[in-house]
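Here are my notes on the model you sent. They go point by point, from the overall fold to single residues.

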Amino acid sequence: WKFRTDDFDISFSIFFEDGNQTVVNTGRVDSHLKEQSGSYIAPVPGRYIMIFDNSDRTGNSKRLYHFISETPPDGMANDSTLGVQIKN
């Protein structure tokens, strides 16, 4: 993943829905100052939800630019399980 925002920071996390757990939690990041990037290798198949959370900054709207890609394991069909959720 890669993302950035105009003007203000944002919280970012990845949630594994099938296991009901957060697997990546960066907390608030200064995505308006530096593009944020990273990756996560899923140990098991399932639904992983990427969450961009601005809920504690309701007075500060922002524009989010993101690039997210998914690469299935060798030998598996590309049945996309990628989900993005934005909380205002």
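1. **Pairing and the open sheet.** Two strands count as paired if DSSP finds at least two bridges between them. On that basis, three strands form an open sheet in the order 4-1-6, with antiparallel pairing. Its edges are strand 4 (36-37) and strand 6 (64-67), each of which pairs on one side only. Please keep in mind that this is a predicted model.

2. **Overall make-up.** The chain has seven strands and zero helices. Read from the N terminus, its elements run β-β-β-β-β-β-β. The chain has 88 residues, and 28% of them count as buried. About 6,000 Å² of the chain is exposed, with carbon and sulfur atoms supplying 45% of that area.

3. **Contacts along the sequence.** How much of the contact set joins residues at least 24 apart? Taking contacts between residues at least 6 apart in sequence, the share is 67%.

4. **Strand 1 against strand 6.** Strand 1 covers residues 2-5 and runs antiparallel to strand 6, with four bridges between them. K2 stands opposite F67 of strand 6. There is also a charge-ring arrangement to check: R4 places its charged end over the ring of Y65, 4.2 Å from the ring centre.

5. **The strand 2 and strand 3 hairpin.** These two strands are antiparallel and are joined by seven bridges. S11 has R28 in strand 3 as its bridge partner. Four residues lie between the strands of this hairpin, and N20 takes a positive phi near 50° there.

6. **The largest nonpolar core.** This core has 13 residues. Those with the most contacts inside it are W1, F3, F12, I14, M50 and F52. Strand 2 (10-16), strand 3 (21-29) and strand 5 (48-53) each supply at least two of the core residues. Which strand gives the largest share of this core? That is strand 2, with four residues. As background, nonpolar side chains tend to be buried together in soluble globular proteins.

7. **F12 and its surroundings.** F12 deserves a look of its own. Leaving out residues up to four places away in sequence, F12 touches W1, F3, V24, N25, T26, G27, M50, I51 and F52. F12 is buried, and so are W1 and F3.

8. **Aromatic pairs.** Six aromatic pairs are counted. Why is the pair of W1 and F12 called tilted? Their ring centres are 5.0 Å apart and their planes stand at 45°, and tilted covers angles that are neither under 30 degrees nor over 60. W1 lies in the segment before strand 1 and F12 in strand 2, so this pair ties together parts that are eleven residues apart in sequence. F3 and F12 form another tilted pair, with 5.0 Å from centre to centre and 40° between the planes. Ring pairs link W1, F3, F12 and F52 into a cluster.

9. **S13.** This residue is also found in strand 2. Is S13 buried or exposed? S13 has a relative accessible area of 14%. Buried means under 20%, so S13 is buried. Neighbours within four places aside, S13 is in contact with T22, V24, N25, I49, M50 and I51.

10. **M50.** M50 sits in strand 5. Its relative accessibility is 5%, so M50 counts as buried. M50 is among the residues with the most contacts inside the largest nonpolar core. It also appears in the contact lists of F12 and S13. The C-alpha atoms of M50 and F16 are separated by 9.0 Å, and these two residues are 34 residues apart along the chain.

11. **D7.** One backbone value should be checked by eye. D7 is not a glycine, yet it has a positive phi of about 80°. Where does D7 lie? D7 is in the loop between strand 1 and strand 2. Its relative accessible area is 57%. Exposed means over 50%, so D7 is exposed.

Conventions. Residues numbered from 1 in each chain as written. Predicted model: local features only at pLDDT ≥ 70, side-chain atom pairs only at ≥ 80, totals over all residues. Heavy atoms only, no water. Buried < 20%, exposed > 50% of the residue type's maximum accessible area, 1.4 Å probe, protein only. Contact = heavy atoms within 4.5 Å. Areas by Shrake-Rupley, 256 points an atom, 1.4 Å probe, with all protein chains shown as cover. Core = buried A, V, L, I, M, F, W, Y, C linked by side-chain atoms within 4.5 Å. Phe/Tyr/Trp six-rings, centres within 6.5 Å; stacked < 30°, edge-to-face > 60°. Lys NZ or Arg CZ within 6 Å of the ring centre and 35° of its normal.
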